[in-house]
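Trainee: I have the sequence and the model open side by side at my bench. Could you pick a single part and take me through it slowly, piece by piece?

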Amino acid sequence: MALVAPSILSADFGQLAQEIVSVSSADWIHVDVMDGRFVPNITIGPPVVRAVHATRDAMAPHMIIDCHLMIVEPDRYIDAFADAGADVITVHAETCNHLDRTIQAIKARGVQAGVALNPHTSEHVLDYVLEECDLVLVMSVNPGFGGQSLIERVFPKIERIRSRLDAQGISAHLQVDGGVKTDNAWRLVKAGATVLVSGSGVFKSPDRTQAIAELAAARRPLV
């Protein structure tokens with residue numbers, strides 16, 4: 001079984017509250033924050049996270065608000081996203097000059113700290129911070145756009161990180177984001193993922209509840 005985190009990047013922002021409720025059978029709600037600098041697109045900021053938090057508290061209190069900061073200088077915005085209601089704040093290793101300091105700043109706010117790695121980034125950047133991470137996010141697409149196809153080359157990286165977590169007895173979540181669908185979820189879980197982020201795979205599905213259930217079950221499709 002996997003935890004499922006629908007990404008609101010693929011939701012209809014004109015009716016965001018209803019969109020969140022429509023995926024409330026999921027465990028987490030994933031918020032992709034893009035700044036137009038680290039990645040090409042610009043998406044949302046703390047005010048939208050605050051609105052997600054209000055909807056979550058009122059209508060889906062079990063859901064974890066999972067904020068993925070695809071931005072430069074993330075340290076400047078940790079307080080803003082924590083104040084807005086994030087339960088998890090994930091930063092990109094590629095944007096942090098002092099990654100340990102950034103992780104500690106997130107945890108000091110009582111928020112779980114995650115570190116994301118782009119497809120080309122080696123897991124060795126985690127060598128001296130892995131024990132401090134609550135979550136490791138492996139990007140399985142190049143960040144910045146929804147609806148991309150999963151990059152097959154990330155599977156060995158997922159497996160290596162899972163081996164390291166298990167060998168060191170670290171209970172951090174291993175999350176995968178990008179191109180996650182019901183037909184490849186089983187491979188990601190087999191490789192070691194515990195949290196699956198899916199945007200179009202959930203929000204573009206004709207039956208979102210069923211899509212979430214199939215992702216959570218992560219069963220190999222019958223051929």
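Mentor: Happy to! Eight strands make up an open sheet here, and their order across it is 1-8-7-6-5-4-3-2, with parallel pairing. Please keep in mind that this is a predicted model. The two edge positions belong to strand 1 (3–6) and strand 2; each has a single partner strand, so one side of each is left without a neighbour in the sheet. On average, neighbouring strands of this sheet are turned by 25 degrees against each other, if direction is ignored.

Let's begin at the edge formed by strand 2. Strand 2 spans residues 28–34, and despite its place at the edge, strand 2 is mostly covered, with seven of its seven residues buried. Its side chains point two ways: Trp28, His30, Asp32 and Met34 one way, and Ile29, Val31 and Val33 the other, and all are buried. The partner of strand 2 is strand 3, which runs parallel to it and is joined to it by seven bridges. If you would like a pair to find on your screen, look for isoleucine 29, which stands opposite isoleucine 65 in strand 3. To get from one strand to the other, the chain uses helix 2 (residues 46–59), and strand 2, helix 2 and strand 3 together make a right-handed β-α-β unit.

One step further in, we reach strand 3 (residues 64–70). Six of its seven residues are buried, so strand 3 is largely enclosed by the rest of the structure. Strand 3 also pairs with strand 4 in parallel, this time through four bridges. Two contacts are handy as markers: aspartate 66 has valine 88 of strand 4 as its bridge partner, while histidine 68 has threonine 90. Between these two strands the chain passes through helix 3 (residues 78–84), and this β-α-β crossover is right-handed.

Now to strand 4 itself. Five of the five residues of strand 4 (residues 88–92) are buried, so this strand is largely enclosed by the rest of the structure. Val88, Thr90 and His92 point one way, Ile89 and Val91 point the other way, and all of them are buried. Strand 4 then pairs with strand 5 (residues 112–117), in the parallel sense and over five bridges. Here valine 91 stands opposite valine 115, and histidine 92 has alanine 116 of strand 5 as its bridge partner. The route from strand 4 to strand 5 goes through helix 4 (residues 99–108), in a right-handed β-α-β crossover.

What does the structure hold besides the sheet? There is one cavity of 30 Å³ or more, and the largest cavity has a volume of about 250 Å³. Its lining counts 25 residues, and the closest to the centre are Phe145, Gly146, Gly147, Asp177 and Gly178. Strands 2 and 3 from our walk come back here: along with strand 8 (195–198) and helix 7 (200–203), each supplies at least two lining residues. Sorted by class, the lining has nine nonpolar, 13 polar and three charged residues.

One last stop is valine 180, in the loop between strand 7 (173–177) and helix 6 (185–191). Although it lies in a loop, valine 180 is buried, because its relative accessible area of 3% is under the 20% cut-off. For a sense of distance, valine 180 and arginine 162 are 18 residues apart in sequence and 18 Å apart in space, C-alpha to C-alpha.

Definitions and conventions. Residues numbered from 1 in each chain as written. Predicted model: local features only at pLDDT ≥ 70, side-chain atom pairs only at ≥ 80, totals over all residues. Heavy atoms only, no water. Buried < 20%, exposed > 50% of the residue type's maximum accessible area, 1.4 Å probe, protein only. Pairing = 2+ DSSP bridges. Right-handed = clockwise from strand over helix to strand, strands pointing away. 1 Å grid on protein atoms, 1.4 Å probe; cavity = no way out; pocket = protein on both sides within 12 Å on 5 of 7 lines; lining within 4 Å. Points joined across faces, edges and corners; volume = space filled by probe spheres on them. Nonpolar A, V, L, I, M, F, W, Y, C, P; charged D, E, K, R; others polar. Axes fitted to C-alpha atoms, helices over the stretch in contact; angles between N-to-C directions.
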